[in-house]
Amino acid sequence: MTMMDQCAVDELYEAFAVLAGSDPDHCSYPKGYMKRQAVFACNTCVQAGMEPAGVCLACANACHDGHDICELYTKRNFRCDCGNEKFHGFKCKLHMGKEAQNVKNSYNHNYFGRYCSCDRPYPDEDDQVNEEMIQCIVCEDWFHEKHLDSPAVDSEELTEMICVHCMNRAPFLWTYAAHLAGSPLNKESLCTVHVNAENTSDEKGKCSSVHDTPSSGQEEATDAAGAAGRDSDQQHSEAGKCILKELKAEDAASVRKAAVFWPYYWRAKLCRCTDCKRMYVESGVPFLLDESDTLLAYEEKAKTEALTSDDLLLSCLTSLTSLTSLTHVQQLEVIYQTTGDA
């Protein structure tokens with residue numbers, strides 16, 4: 001297998017992981033606001049100037065077949081809009097009787113095929129480079145690295161990014177960034193505080209090299225970090241201490257003008273005292289305490305479920321006779337068909 005073949009396989013594997021966590025046959029609307037699911041926008045039904053709307057994987061397949069569909073990757077706490085009043089008379093074929101609007105859904109310019117602070121489409125015909133984009137875990141918009149004002153740090157442990165706008169929206173995160181982040185905000189840069197079931201919060205270690213999927217060792221560390229975070233939650237609740245206040249006391253002045261890259265275990269380090277939990281809600285980021293909210297957790301769960309169900313991924317891969325000649329859109333179409341036939 002050539003390097004290009006391997007890259008194509010990796011891209012297909014990633015696309016499959018995103019879609020495998022969603023039901024290709026049944027509209028997700030009855031499930032309410034799902035923690036995370038693949039979401040699509042239909043440019044045929046909802047055009048510029050109209051209210052933004054998104055549809056689930058099943059509706060993208062069944063209700064909007066042949067339409068101009070925009071893949072939005074995954075969104076959190078989203079409920080399928082297909083057939084509601086935003087579609088002006090267009091009816092959902094899979095689930096009737098939907099409410100006029102899903103008031104808890106959040107939308108941005110991604111639903112009209114535009115991304116980043118530059119508000120450009122992707123792929124961009126005017127951009128000859130078309131560099132890969134990085135998603136902010138808070139606003140879930142996608143950004144060009146050149147517009148983050150902070151170069152992506154090459155570390156396997158740095159798996160999440162928060163854009164500067166969202167950092168300022170939840171300014172307490174700057175304090176954590178000074179101690180945990182793997183970006184220029186931290187004087188020691190890649191020196192980060194590791195958390196595991198046996199270590200205390202003061203133990204330190206060094207990051208290694210950013211891949212989208214961590215190694216099995218990292219996955220074990222993530223589980224351990226989650227356990228440590230829960231233990232820490234209980235300990236600090238009993239002691240009445242606030243981790244954030246302790247970090248602020250040690251905090252030095254830092255640059256606050258750029259996106260921040262975080263290690264996979266950073267959520268376990270967030271304070272879980274009553275005051276901080278209230279602050280997360282007020283800042284609109286309570287999901288940061290939920291380690292299963294991460295895209296990595298979603299993809300790993302989807303892969304596990306899919307691979308234990310007739311090995312769908314293998315079937316998908318072996319059905320491709322010329323993998324490297326397929327575009328990303330064509331790859332998705334193959335996956336739709338494969339998951340739909342399962």
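The following exchange concerns cysteines, aromatic rings and one helix in a predicted model.

Local features require pLDDT of at least 70 and side-chain atom pairs pLDDT 80 or more, while totals for chains, interfaces and linings use all residues. Residues are numbered from 1 along each chain as its sequence is written, and side-chain values use heavy atoms, without hydrogens and water.

User: How many disulfides does the structure hold?

Analyst: A disulfide is a pair of cysteine sulfur atoms within 2.5 Å. The sulfur of Cys82 is too far for a bond because the closest cysteine sulfur, in Cys63, is 3.9 Å away. The number of disulfides in the structure is zero.

User: Which residues are linked with Phe78 into a cluster by ring pairs?

Analyst: Rings of Phe, Tyr and Trp (its six-membered ring) pair if their centres lie within 6.5 Å; planes under 30 degrees apart are stacked, over 60 edge-to-face and the rest tilted. Phe78 and Tyr107 are edge-to-face, at 6.1 Å centre to centre and 85 degrees between the planes. Phe78 and Tyr111 are stacked, at 6.1 Å and 20 degrees. The residues that ring pairs link with Phe78 into a cluster are thus Tyr107 and Tyr111.

User: How many residues of helix H4 are buried?

Analyst: Helices (H or I, at least four residues) and strands (E, at least two) are DSSP runs, numbered from the N terminus. Buried means under 20% relative accessible area, exposed over 50% and partly exposed in between (1.4 Å probe, protein chains only). Helix H4 spans residues 173–180 and is mostly covered; among its buried residues are Trp174 and His179. The count of buried residues in H4 is eight of eight.
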